[in-house]
Structures are given as structure tokens and as C-alpha cells.
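Welcome! Here is a short set of exercises, each with a worked solution, to help you find your way around a structure that may be new to you. Take your time with each task before reading on.

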Amino acid sequence: MYPITLNIENRKCIIIGGGQIGYFKARPLLEAGAEVTVVSPEICPGFQQLKKEGKIHVSLKEVEEADYREAFLIIVATNSEEVNERVYRNASHSQLVNVISNHELGNFHLPATLNRGLLAISVSTNGASPALAKKIRNDLGEVFDESYEEYLEFLFEARKIIKKSPLTHEEKSKLLKDSIADMYKHSTKERYRFLARLLPVEA
């Protein structure tokens, strides 16, 4: 499998299946700005709440090919192997399809992902053991704690300033390398000092 980070903002994404598993897969899609539609005769309370909040579209019906023909990404999360396989077989080669119950169907897997603000660490075992992927993700959560959220915001801001500066390529590279020093991870004061160095001095 080829690892990739995907921009799905405003893209049409379809979840086939209205249960808890589909619901858990919907949240990351919404956080990434996708346009999410759920197709299922029934939906779980989580989906009902998202529908009430206007965050998803819902079609309370059995899935038909027309429901996902124009979708960019399809997640199949029903408890019917026949439905799951039919959706995969009918999808076009240009569509991204994930079948939750069978990693051999579909053309992409959903890795176990740790999110810390702008930081995302994904773990995949290529379907061999999702349980191990989740365990590794949880272990990584002990190392990459919540402090990385503010740290990444600092690095993002520093990078924007450095990239726009009139410095040489070598000078920019050195500053970018300097910005990931441990002292900036652990000290807000040092971060401010670093950013202050990057700002032009007014006459």
C-alpha cells in the first residue's frame, strides 16, 4: 500500500451503513472538511445527532449504485458481506473505496491515527492486525503528548516567516533545522525569542 495524506475538503464522501462503526469513521472526515452523506435504512444515535446539527446528509434507504456514483471517497460499513462486495465491485476505478469488514476489498485502508493538533501519526499493518496498529498508536500517544499541539503551532508560524524572508536558501534551511531544537518544545519563552529573531527590526 502507498501511504498518503489526502485533502478531502469539500469532497463528496459517502458512508454506507448507519451503525457505530460508520459513525466513528465519519468524525475524521468531517474534521477534514468533507461533505459527508450516510446511506442506510437506519442510523445510530451518533448519526442522528450529526444530522440534527446539519453536519451530514442522510438517505434512509438501501444503497443503490446511483447513491455513490459521484462520490470521491466511499466507506462501506454494513453488516452484509453481499452489500459490501457489490458496492466495491460497482465502484469505478477512479473512486477511493474502503470496506471496513474486509481489508482485501477496497483500494485503501484507514490507519490507526494519533492526532495532536497539526501533528498526525498514522500506523498501518496493511490489514494484518488492526489491534496491533491501535496499540502502537496508543503507545505513541504517551511519547507525543498534548504539548505537541502548541509546539506544532510554533513551528508552523516560524516556517511561514522563514519562507517569506529574503534570506538565502542555506540560511533558511539552518533556521528551519534550529527551530526543532528541544528547548523550543519545552519552553514557550524560547519560542517567543526565536520568533522575535525572525521579525524585521523597525527603523
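**Exercise 1. A hairpin**

How many residues lie between β6 and β7 in the hairpin they form, and which residue in the turn has a positive phi?

Solution. Keep in mind that this is a predicted model.
- Step 1: go from β6 to β7 and look at what joins them; there are two residues between these strands.
- Step 2: check the backbone in the turn, where Gly117 has a positive phi of about 65 degrees.
- Step 3: look at the pairing itself. β6 and β7 run antiparallel, and five bridges join them.
- Step 4: turn to the two faces of β7, residues 119–123. In a regular strand, side chains alternate between the two faces of the sheet. Here Leu119, Ile121 and Val123 make up the covered face of β7, while Ala120 and Ser122 make up the uncovered one.

**Exercise 2. One residue in the hairpin**

Find Thr113 and work out which residue in β7 is its bridge partner.

Solution.
- Step 1: locate Thr113 in strand β6, which spans residues 112–116.
- Step 2: look across to β7, where Ser122 is the bridge partner of Thr113.
- Step 3: compare the side chains of this pair. They make a polar contact, at 2.9 Å.
- Step 4: look for a further polar atom around Thr113. The backbone oxygen of Pro111 lies 3.4 Å from a polar atom of the Thr113 side chain.
- Step 5: list the contacts of Thr113, leaving out residues up to four places away in sequence: Ala120, Ile121, Ser122 and Arg137.
- Step 6: judge the accessibility. Thr113 has a relative accessibility of 27%, so it counts as partly exposed, a class that lies between 20% and 50%.

**Exercise 3. The open sheet**

In what order do the five strands of the open sheet come, and which of them stand at the edges?

Solution.
- Step 1: read across the sheet, which gives β3-β2-β1-β4-β5, with parallel pairing.
- Step 2: find the ends of that row. β3 (57–59) and β5 each have a single partner strand, so one side of each has no neighbour in the sheet.
- Step 3: follow the twist, which averages 15 degrees from one strand to the next.
- Step 4: zoom in on β4 (residues 73–76) and β5 (residues 96–99), which pair over four bridges in the parallel sense. Leu73 has Leu96 as its bridge partner, and Ile74 stands opposite Val97.
- Step 5: trace the link between these two strands. Together with helix α4 (residues 81–90), β4 and β5 make a right-handed β-α-β unit.
- Step 6: add a helix to the picture. Helix α1 (residues 20–31) lies across β1 (12–16), β2 (35–39) and β4, and runs at about 170 degrees to β1.

**Exercise 4. Two cysteines**

Why is there no bond between the sulfur of Cys13 and the closest cysteine sulfur?

Solution.
- Step 1: identify the closest cysteine sulfur to that of Cys13; it belongs to Cys44.
- Step 2: compare the distance with the cut-off. A disulfide needs the sulfur atoms within 2.5 Å, but these two are 18 Å apart, too far for a bond.
- Step 3: count the disulfides, which comes to zero.
- Step 4: check the surroundings of each residue. Cys13 is buried, because its relative accessibility is 0%; Cys44, at 9%, also counts as buried.

**Exercise 5. Two residues of helix α9**

Is Arg191 buried or exposed?

Solution.
- Step 1: place Arg191 in helix α9, residues 188–198.
- Step 2: apply the cut-off. Buried means under 20% relative accessible area, and Arg191 has 8%, so it is buried.
- Step 3: see where the side chain goes. The Arg191 side chain reaches the backbone oxygen of Tyr184 at 2.5 Å.
- Step 4: gather the contacts beyond four places in sequence. Arg191 touches Glu150, Tyr151, Phe154, Tyr184, Lys185 and His186.
- Step 5: move along to Leu195, also in helix α9. Leu195 counts as buried at 16% relative accessibility, and with residues up to four places away left out, it touches Phe154, Glu157, Ala158 and Ile161.
- Step 6: relate sequence to space. Leu195 and Arg159 are 36 residues apart in sequence, and their C-alpha atoms are 9.9 Å apart.

Key: Residues numbered from 1 in each chain as written. Predicted model: local features only at pLDDT ≥ 70, side-chain atom pairs only at ≥ 80, totals over all residues. Heavy atoms only, no water. Pairing = 2+ DSSP bridges. Right-handed = clockwise from strand over helix to strand, strands pointing away. Axes fitted to C-alpha atoms, helices over the stretch in contact; angles between N-to-C directions. Contact = heavy atoms within 4.5 Å. Buried < 20%, exposed > 50% of the residue type's maximum accessible area, 1.4 Å probe, protein only. Polar contact = N/O pair within 3.5 Å; in protein donor to acceptor, adjacent residues only side chain to side chain.
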